[in-house]
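Hello,

I am passing a structure on to you, with some notes to help you find your way around. Please have a look at it first.

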Amino acid sequence: HANSFLKETDWLIITLGSSWAYRHKSNNEIVANCHKIPSKLFEKVLLSSAMQEEALQSTISQLKQLRPSLNIILSVSPVRYVRDGLIENNLSKAQLLTTVHSLVSKNSNTHYFPAYELVNDVLRDYRFFKEDMVHPNEQAIQFVWSHFLETYMDKDNLELMKEVSSFLQFQNHRPLHPHDLSKHSNEFQKK
């Protein structure tokens, strides 16, 4: 399904979360974290910007071979990885930001969306985070979403989104007069 999607899509968003990775001690390979295997078999490492850039550049190149007209939006997640430690989280995010900006400067149709900066530099207040003080709350999410729409959606798409949203609200609302629902539904489908 992913392969089919990538062959047809015009836009792809890649959000990066952390520069921390796990290296399997026996073969020195970077691996996905596996909680079923004892942690003593892994070493936690901070990937350098150069290592990240090499891996992501390879991914971007492969995506562009599959779909040359593909637009890629890169972003850095504003979610704090406090389990890594505050200093470690900031080092990680700094590595990601350096990597992303280098990739954007070297690849056409590759863009940066500043979700990280919008939450941490523009909103800059814990009232925009959930109770865990790590994840952005609904207000912050809506703030970032509105900036995303302003940046990447044209007027026609924004208008269509409003109409679809209005229809979905209508569809999810329990009507007082159920016989009117089919009439309004047919009107929307004609649009």
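Here is what I found in it.

This is a predicted model, in which local features need pLDDT of at least 70 and side-chain atom pairs count only at pLDDT 80 or more, while totals for chains, interfaces and linings use all residues. Residues are numbered from 1 along each chain as its sequence is written, and side-chain values use heavy atoms, leaving out hydrogens and water.

Let's start with a sheet. Three strands (DSSP runs of E, at least two residues, numbered from the N terminus) form an open sheet in the order β3-β2-β4, with antiparallel pairing; pairing takes at least two DSSP bridges between two strands. β3 (30-31) and β4 (42-46) are at the edges with a single partner strand each, so one side of each has no neighbour in the sheet. Strand β2 (residues 20-24) is joined to β4 by five bridges, and Ala 21 has Val 45 as its bridge partner there.

Next, Asn 71, which lies in strand β5 (residues 71-76). Its relative accessibility is 14%, so Asn 71 counts as buried (under 20% relative accessible area; exposed is over 50%, partly exposed in between, with a 1.4 Å probe and protein chains only). Leaving aside residues up to four places away in sequence, Asn 71 touches Asp 10, Trp 11, Leu 12, Asn 109 and His 111 (heavy atoms within 4.5 Å).

Asn 109 itself sits in the loop between α3 and β6 (110-112) and is partly exposed, at 33% relative accessible area. Its phi is near 55 degrees, a positive value in a residue other than glycine.

Best wishes

Methods. Helix = DSSP H or I, 4+ residues; strand = E, 2+ residues; numbered from the N terminus.
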